Amino acid sequence: MPNTKVLAIREEREKRFTGAHALCAGCGTPIAVRAVLNAIEEPVVVVTATGCLEVATTRYPTTAWNVPWLHVAFENAAAVASGIESAYRVLRRRGVLSKEIRFVAFAGDGGTYDIGLQALSGALERGHRFLYVCCDNEAYMNTGNQRSGATPIAAQTTTAPVGEESFGKIQRRKDLTEIVVAHRIPYVAQASIGDWYDLASKVRKAISQDGPSFINVMTSCPRGWGHDSNQTVKITRLAIETCFWPLFEVEDGRWTLNYIPEEKLPVEMWLRPQKRFAHLFEPQEKTELLREIQKHVDRDWERLLQRCEVSAGASV
Amino acid sequence: MQAYKIGTYALLVEPKRCKGCGLCVYSCPKQILFLNGSGKIAVKEIEPCIFCRICEMRCPDFAIWVEKALTPGPSPVMTHGRGVA
């Protein structure tokens, strides 16, 4: 199975993504990209939507990609991937190509939750065989931390500022994974860089499906979230342990929970180390709001347990 | 680039690529890494290293990695075309 060593050995044979990028110190996205690309054995073609990953990895005249790589615009990573996949199928039918090639689209939460949603929805509905990976860092970090559909309630961003009248983002984040599940595609999963083995296993499962697959990966952003750069993995791990970001997969409509924390930590443990939530604790603690956030997390978790037909207190 | 070798395995660090985030220092199960005065990755002691490769796969900047040396002992380490240490 794809543990750290297996991924590293795969990378030794062929480097698909290299260090020639300008992503910030401690960025979570390259960790996710490495894990995804190294979990796939077959040759890959990568499509990237506009975002930190695209901007920082392809500064002219350099590139960090050592695989065929394509970028068109912010909104159409999924549409481009489906076009490539269709062309590939035609070439195979005509006998021009015989190689098994896999197609992976990377996009941030802006390019998936908001701007690229209709392209993604169309590509999933048409049933192209490709893997879409959403690197969810919960805001438009590329342009300096503006709110997106993925930004959680009460998070401070430049377009959802904190002041006397406001407490950051007022709305709750949308549940994109569930929207994708509604497309009835063969494989949908939620993963995190905080659990590597789980992420790599999910990529392997997703890439072997004969149809579209989608993985929503939480990747932390030290600059936007406001934590130390060495805490990137720890913070995403805390999101799993507090059940804010549960790990689950949906195969052909069957929900499976991949990880149940031994002790469900209060969501405060995840909020407190991040500066974007600092106003919840200083100058005085906003207990009412914290209680509401905890209620949201609890309700979502209960619903997920019901979906996966697991009783509370069980372990996987 | 510096190479630290035990038997057939070597840990290689390239401070020039390092952005000093400290992810490897934080995640090393044997606590053998630290950030030096200029905020770059350095190896405290190599003996406890178990070559688990967690630092390698967590590094966003490809500044630390493990390689299997072709020959044990003090001979040069092969570095997959990235130069000889």
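Me: A salt bridge here is a side-chain nitrogen of Lys or Arg within 4 Å of a carboxyl oxygen of Asp or Glu. What makes A:E268 and A:R272 a salt bridge?

Reply: Their closest N and O atoms are 2.7 Å apart, and the cut-off is 4 Å, so the pair qualifies. One note before we go on: this is a predicted model, in which local features need pLDDT of at least 70, side-chain atom pairs count only at pLDDT 80 or more, and totals for chains, interfaces and linings use all residues. Residues are numbered from 1 along each chain as its sequence is written, chains are lettered from A and ligands numbered from 1 in the order in which they are written, and side-chain values use heavy atoms, with hydrogens and water left out.

Me: Why is A:R102 called buried?

Reply: Buried means under 20% relative accessible area, exposed over 50%, and partly exposed in between (1.4 Å probe, protein chains only). A:R102 has 9% relative accessibility, so it counts as buried. A:E100, its salt-bridge partner at 2.9 Å, N to O, has 37% and is therefore partly exposed.

Me: And which residues share a salt-bridge network with that pair?

Reply: Bridges with shared partners join A:E42, A:R92, A:E100 and A:R102 into one network.

Me: How do you know that A:K205 and A:E251 form a salt bridge?

Reply: The closest N and O atoms of A:K205 and A:E251 are 3.8 Å apart, which falls within the limit, so the name applies. The two residues are 46 apart in the chain, with A:K205 in helix α8 (196–207) and A:E251 in strand β7 (248–251); helices (H or I, at least four residues) and strands (E, at least two) are DSSP runs, numbered from the N terminus. A:K205 is partly exposed because its relative accessibility is 33%, whereas A:E251 is buried because its value is 17%.

Me: What makes the link between B:R53 and A:E12 a salt bridge?

Reply: The side chains of B:R53 and A:E12 meet at 2.5 Å, N to O, so the rule is satisfied. The count between chain A and chain B is one salt bridge.

Me: Which helix gives the most to the side of chain A that touches chain B?

Reply: That is α1(A), with seven residues. The contact (heavy atoms within 4.5 Å) takes 29 residues from chain A and 20 from chain B.

Me: How much area do chain A and chain B bury between them?

Reply: About 2,100 Å², 60% of it on carbon and sulfur atoms. Buried area is the accessible area (1.4 Å probe) that two parts lose on being put together, summed over both.
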